[in-house]
Amino acid sequence: DQNNDGIFFNPFSSDIKNRNMLVTGLSGGGKSVFVNKIVHKLIEDHPTVILDKGGSFKRLTKYHCGFELCSGFNPLQFDDPHYLREFILSVVDKDKFDKLTRGKLLGEIKKFLASGESLSFDSLLEFLGQNFEGIHHYFEDTRDYFTDEKTSNHSILYVDVENYPKNIISPLIIYLLEYFKQIPEREKILVFDECWSFLAPFLCL
């Protein structure tokens, strides 16, 4: 602090009711450096997911032997129908899916999951195509990034969004948030770097 005394901070302290943190500041002001230092002290004892933009946390990940997801992911790794609906809605034309149609989409996803069919994203799109004609066309530009392999549980999962094209970023973020949600440990870390760049298109100034 201003007196040269150390500052001790535990974001998982039971005295803190809301453990979410937002770090803001000017470009080059040291935001990522500050968060790097906090995460470095906590990462060995807490499962961590890092959503990076530009590599600010890549050295930290390598130092702690984390896993970098850079070759694709399996949207059907998680069979929560609400997650899958949001995953699909992040790609399709929003104006064609009003509240009623979104409810219908959720119902069809539930039917697919209960059908016992082979759980692949292609088979889900084929199933949905019976009631949502041509829905698979929305994913022509992104399906090369979808796999049938599940991402293993890692103590540190790192993704640099700059390794992915722009049209896959929204579904990728939804997948990573679901991955984080499924981590069983109560105390865990999610780092969302440069989040303003993802939120900016949705802001009305």
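These are my notebook entries on what I looked up in this predicted model.

**Ground rules.** I number residues from 1 along each chain as its sequence is written, and I leave out hydrogens and water, with heavy atoms used for side-chain values. Since the model is predicted, I noted that local features need pLDDT of at least 70 and that side-chain atom pairs count only at pLDDT 80 or more, while totals for chains, interfaces and linings use all residues.

**Overall layout.** I looked up the secondary structure first, taking helices (H or I, at least four residues) and strands (E, at least two) as DSSP runs numbered from the N terminus. The chain has seven helices and four strands, and from the N terminus on I read the order of elements as α-β-α-β-α-α-α-β-α-β-α. Along the principal axes, the C-alpha atoms fill a box of roughly 70 × 40 × 35 Å. For burial I used relative accessible area with a 1.4 Å probe and protein chains only, where buried means under 20%, exposed over 50% and partly exposed in between; buried residues make up 40% of the 205 residues. For contacts (heavy atoms within 4.5 Å), I looked at pairs at least 6 apart in sequence, and 67% of these join residues at least 24 apart.

**The sheet.** I next asked in what order the strands stand. Four strands form an open sheet in the order S2-S3-S1-S4, with parallel pairing, where two strands count as paired if DSSP finds at least two bridges between them. S2 and S4 stand at the edges with a single partner strand each, so one side of each is left without a neighbour in the sheet.

I then went through the pairs one by one. Strand S1 (residues 48-52) is joined to S3 by five bridges, and Leu51 has Val159 as its bridge partner in S3. Strand S2 (residues 67-68) is joined to S3 by two bridges, with Glu68 opposite Tyr158. S1 and S4 pair over four bridges, again in the parallel sense, and here Thr48 stands opposite Ile189 of S4.

**Strand S3.** Is S3 buried or exposed? Five of the five residues of S3 (residues 156-160) are buried, so the strand is largely enclosed by the rest of the structure. In a regular strand the side chains alternate between the two faces of the sheet. I therefore checked the two faces separately and found both covered, with Ile156, Tyr158 and Asp160 buried on one side and Leu157 and Val159 buried on the other.

**Helix H1.** I compared the span of H1 with the expected span, which is 1.5 Å times one less than the number of residues. The twelve residues of H1 reach 17 Å from the first C-alpha to the last, close to the 16 Å expected. Its buried residues are Ser32, Val35, Asn36, Ile38, Val39 and Leu42, and what covers them includes S1, helix H2 (58-63) and S4. I took a closer look at Asn36, which is buried with a relative accessible area of 15%; not counting residues up to four places away in sequence, Asn36 touches Ser56, Phe57 and Leu60.

**Two loop residues.** Cys65 lies in the loop between H2 and S2, and I noted that its phi is near 60 degrees, a positive value in a residue other than glycine. At 67% relative accessibility, Cys65 counts as exposed.

Lys188 is in the loop between helix H6 (166-182) and S4. The C-alpha atoms of Lys188 and Pro47 are separated by 5.0 Å, although their positions lie 141 residues apart along the chain in the sense of sequence separation. Leaving aside residues up to four places away in sequence, I list the contacts of Lys188 as Phe12, His46, Pro47, Phe180, Lys181 and Ile183.

**The largest pocket.** I closed with the largest pocket, whose volume is about 880 Å³. A pocket here is an open set of points on a 1 Å grid over the protein atoms alone where a 1.4 Å probe fits, with protein on both sides within 12 Å along at least five of seven lines, and lining residues have an atom within 4 Å of a point. The volume is the space filled by probe spheres set on the points, which are joined across faces, edges and corners.

Of the 28 lining residues, Met21, Leu22, Leu190, Val191 and Phe192 are the closest to the centre. H1 (31-42) and S4 (189-192) each supply at least two residues of the lining, and H1 gives the most, with six. By type the lining divides into 17 nonpolar, four polar and seven charged residues, where Ala, Val, Leu, Ile, Met, Phe, Trp, Tyr, Cys and Pro count as nonpolar, Asp, Glu, Lys and Arg as charged, and the others, Gly among them, as polar.
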